Amino acid sequence: MKMIRAIIKPFKLDDVKAALMEIGVTGMTVIEVKGYGRQKGDSELYRGAEYTIEFIPKLHIDVVVPDDIVDSTLEAITKSARTGKIGDGKIFVLPVEKSLRIRTGEINENSL
């Protein structure tokens, strides 16, 4: 099993969720975060004064999937989150040693 962690633009969440549901991913965790990368921040104009937003609002999505659908999950997230502009985000793939469904005691892929 792998945990796929994606950092995306907030307005792309519905597209990503739909793409993941289409390939059979049944759950995800979404966290509102702020950060910056190459994008560095953004300049805004408020009442005639320009100011810089150093940390850009993003969404952090975690999904845990069986090894056999990792590539299709990466493709679904990439296609649905891409705008082609700077700040589209990043995806990380991490190993998951074990998972457990608290309610039933099911483990590993059965717990997903």
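Biologist: Which residues in helix 1 meet helix 2?
Modeller: This is a predicted model. In it, D15, V16, A19 and L20 of helix 1 meet T73, A76, I77, S80 and A81 of helix 2.

Biologist: What classes of residue make up that contact?
Modeller: There are 6 nonpolar, 2 polar and 1 charged residues where helix 1 touches helix 2.

Biologist: And how do the axes of the two helices cross?
Modeller: Helix 1 covers residues 13–22 and helix 2 covers residues 70–81. Their axes come within 8 Å and cross at roughly 150°.

Biologist: Are they roughly parallel or antiparallel, then?
Modeller: Angles over 145 degrees count as roughly antiparallel, so that is what helix 1 and helix 2 are to each other.

Biologist: Is the crossing left-handed or right-handed?
Modeller: Helix 1 and helix 2 make a right-handed crossing.

Biologist: Switching to the sheet. What's the strand order?
Modeller: The order is 2-5-1-6, in an open sheet of 4 strands with antiparallel pairing. Strand 2 (29–35) and strand 6 (89–95) are the edge strands, each pairing on one side only. From one strand to the next, the twist averages 20°.

Biologist: How many bridges join strand 1 to strand 6?
Modeller: Strand 1, residues 2–8, has 7 bridges to strand 6, and the two run antiparallel. K2, for one, has P95 in strand 6 as its bridge partner.

Biologist: Where do the helices sit on those strands?
Modeller: Helix 1 lies across strand 1, strand 2 and strand 5 (56–65), at about 10° to strand 5. Helix 2 packs on the sheet too, touching strand 1, strand 5 and strand 6. The direction of helix 2 makes about 5° with that of strand 1.

Terms used: Residues are numbered from 1 along each chain as its sequence is written. This is a predicted model: local features need pLDDT of at least 70, side-chain atom pairs count only at pLDDT 80 or more; totals for chains, interfaces and linings use all residues. Side-chain values use heavy atoms; hydrogens and water are left out. Axes are lines fitted to C-alpha atoms, for helices over the stretch in contact, and angles run from 0 to 180 degrees between N-to-C directions. Angles under 35 degrees count as roughly parallel, over 145 as roughly antiparallel, 65 to 115 as roughly perpendicular and the rest as oblique. A crossing is left-handed if the near helix is turned anticlockwise from the far one by less than a right angle, and right-handed if clockwise. Contact means heavy atoms within 4.5 Å. Ala, Val, Leu, Ile, Met, Phe, Trp, Tyr, Cys and Pro count as nonpolar, Asp, Glu, Lys and Arg as charged, and the others, Gly among them, as polar. Two strands pair if DSSP finds at least two bridges between them.
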